[in-house]
Amino acid sequence: MLADSLEKAVDFLADRQLERHLARLNRGIEKESLRVAPEGTLALTPHPHALGSALTHPSITTDYSESLLEFVTGIHTDISGLLRELHDIHHFAYRHIGDEKLWVNSMPCIVESEEKIPIARYGTSNIARMKEAYREGLHHRYGSLMQTIAGIHYNFSLPDEFWDEFAGHARLGDVRACKSTRYFGLIRNYHRLSWIATYLFGASPAVCQTFLQNREHSLKPLSHHTFYGPYATSLRLSNLGYSNEAQTDICIDYNGVEQFVRSLRHAIQTSHPPYEKIGIKVDGHYRQLNSNLLQIENEFYASIRPKRVAKSGQSPSRALCLEGVEYVEIRSIDLNPFEPVGIDEDCIRFYDMLLLTCLLLDSPQMNDDEFQRTGANQQTIVMNGRNPDAEIIAPDGTVNARDRMRELLSSLLPISELLDSIDGGRNYRSSLESQQAKVDDPALTPSGRIVAKIIGEHNSFFEFAMNLAEDTEKHFKDKPIDPETSRTFQHMSEESHLNKKEIEHSDSTSFDEFLIDYFNNQNAPLPNCGCGHQT
């Protein structure tokens, strides 16, 4: 029983006084938002100069498109501080985007055509040109429309002090190996259990008709210019979104650092015939960086990733292999349009509980068949999660999804009590109760609330989202920004422009030579790999 296993794990922490380290969980957020024009269409203006250089600013950058802002917080051990920084970044941005707004939904605003979606620009340096060529490749491989979908990435880890003691008590020897082993166990368990988070926090059940643009789909008309899944939770994670069929030839192994690095490196070193047809450098212009299954490692659209901050010149897999896993990045969270910054404390607290559960529970090795089943469960909840009769595939057979959700949430009670005892309140228990209420009543889920509001107000998806975007704009613009916060961000912006110029002036090779050196370095074997495998 999951509840029994989790209770034993909590007792293990308490008996060895390890629970005190949970007061210093490390959390960070990366949040994407589209800039839109006053009328709600995609903003075609350049990245605002006052927001700094997207290449070098530590807190404000862009993702695929020049219009897709990405806000990056530092690492926090308290949730209120994390959300306060995210709020401050939004507040500063709103002071410098003129009459534009930030789109509050994961699914994009009105997009007239794919060709009008501006690819992000980063300057004239070699690294800037590489980032742009990579995005050109994404355009040719998957289309630009998919790249306008926004989401939240949640970075999570336990403090080093926890691992130092845990490895000793568990008699697992090397601390680095212990961390990597347990984090990969977390990742496998997250694949097994993340479908419940998709139900609870999925917030993209509907799309604007312009997003479909002659694409095949099974969605139903909801209102004028709006299509939806009647029981859908997160179309962002459907085959219309990031969980698409374009990467079905990529099989990543999550059974440990060695297996992960080997499978990921295979994907970035294996040419793919359909991509060969695109061409690499055509008429002097790069259409993509290469014709491999993945141009670079970040191209793989995973719902969760093992991460380590890489040193200059290191690839993500090299950093992992040599130093082990530092934290995990959750990439499957939709923007909550009802929250000014797209996420709230309840959501963060639930993810704390879920991720700790995934870390503490035993996590058997996962073969490809099981991985495919976890993906099937995810898609069931993505498209049919609010259906009371929805079923998922469990180890004990096909079960009603709602019944299994109740069991899972009930099993989290010891974790909520443990974290509340550390936190000094009942915030985690309150979050758990909120999630239990959503299971009992799907109308309380963000996806249920969105559909009900569109229907109740006789709106389209666009009108619904635009109204909330205007409310969010008012939330930030009606309040004065703290002068010290404003000065801090202005200084960061100025510094980022200077740093960008320094990078441009320091280039000493041609772009072609830069790419050759870059990929030679990225693909070099790892004879001293800390995972014990020569890659």
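In this predicted model, 57% of the 535 residues of the protein chain count as buried. The accessible surface adds up to about 22000 Å², and carbon and sulfur atoms make up 49% of that. The fold itself is a mix of 18 helices and 14 strands. With a radius of gyration of 23 Å, close to the 24 Å that the globule rule gives for 535 residues, the chain is as compact as a globular protein of that length. Its C-alpha trace runs to about 65 × 60 × 50 Å along the principal axes. Contacts reach a long way along the sequence, too: among those with a separation of 6 or more, 76% join residues 24 or more positions apart. As for charge, there are 53 positives and 75 negatives, and their mean positions sit 1 Å apart.

Now for the inside. In soluble globular proteins, nonpolar side chains tend to be buried together. Here, the largest nonpolar core takes in 154 residues, and the ones with the most contacts inside it are Trp103, Tyr154, Leu158, Ile343, Phe350 and Tyr351. Helix 5, covering residues 175-201, is the top contributor to this core, with 13 residues. Ile343 gives a feel for the packing: leaving out neighbours within four places in sequence, it is in contact with Ile29, Leu83, Leu86, Ile152 and Ile348. A separate core of five residues lies apart from the largest one, and its members include Ala54, Leu55, Ala120 and Tyr122.

Not every buried side chain is nonpolar, and Asp352 is worth a look. This residue lies in helix 10, residues 345-360. Asp352 has a relative accessible area of 0%, so it counts as buried. Beyond residues up to four places away in sequence, Asp352 touches Leu25, Arg27, Ile79, Tyr154, Phe156 and Tyr428. One of these partners, Tyr154, is also among the residues with the most contacts inside the largest core.

Helix 15 and the loop after it make another good place to stop. Within this helix (residues 446-456), the buried residues are Pro446, Ser447, Gly448, Ile450, Val451 and Ile454. They pack against helix 5, helix 14 (427-440) and helix 16 (461-477), as well as strand 6 (206-208), strand 7 (220-223) and strand 8 (226-228). The loop between helix 15 and helix 16 holds both His458 and Asn459. These two loop residues come out quite unlike in exposure: His458 is exposed, at 65% relative accessible area, whereas Asn459 is buried, at 11%. Setting aside neighbours within four places in sequence, Asn459 is in contact with Ser223, His224, Ile454, Phe464 and Asn467.

His458 also stands out for its backbone, with a positive phi near 55 degrees in a residue other than glycine. Gln17 shows the like, its phi being positive and near 55 degrees, again in a non-glycine residue. Gln17 belongs to the loop between helix 1 (2-15) and strand 1 (26-36). With a relative accessible area of 53%, Gln17 is exposed.

Finally, there is a pairing across the sequence. His491, found in helix 17 (residues 483-506), counts as partly exposed at 47% relative accessibility. His491 and Gly52 are 439 residues apart in sequence, yet their C-alpha atoms are 9.2 Å apart in space.

Note on methods. Residues are numbered from 1 along each chain as its sequence is written. This is a predicted model: local features need pLDDT of at least 70, side-chain atom pairs count only at pLDDT 80 or more; totals for chains, interfaces and linings use all residues. Side-chain values use heavy atoms; hydrogens and water are left out. Helices (H or I, at least four residues) and strands (E, at least two) are DSSP runs, numbered from the N terminus. The radius of gyration is taken over C-alpha atoms; the globule rule is 2.2 Å times the number of residues to the power 0.38. Buried means under 20% relative accessible area, exposed over 50%, partly exposed in between (1.4 Å probe, protein chains only). Contact means heavy atoms within 4.5 Å. Accessible areas come from the Shrake-Rupley method with a 1.4 Å probe; for residues, only the protein chains shown count as cover. Lys and Arg count as positive and Asp and Glu as negative; His and the chain ends are not counted. The place of a charge is taken as NZ of Lys, CZ of Arg, CG of Asp or CD of Glu. A nonpolar core is a set of buried Ala, Val, Leu, Ile, Met, Phe, Trp, Tyr and Cys residues joined through side-chain atoms within 4.5 Å.
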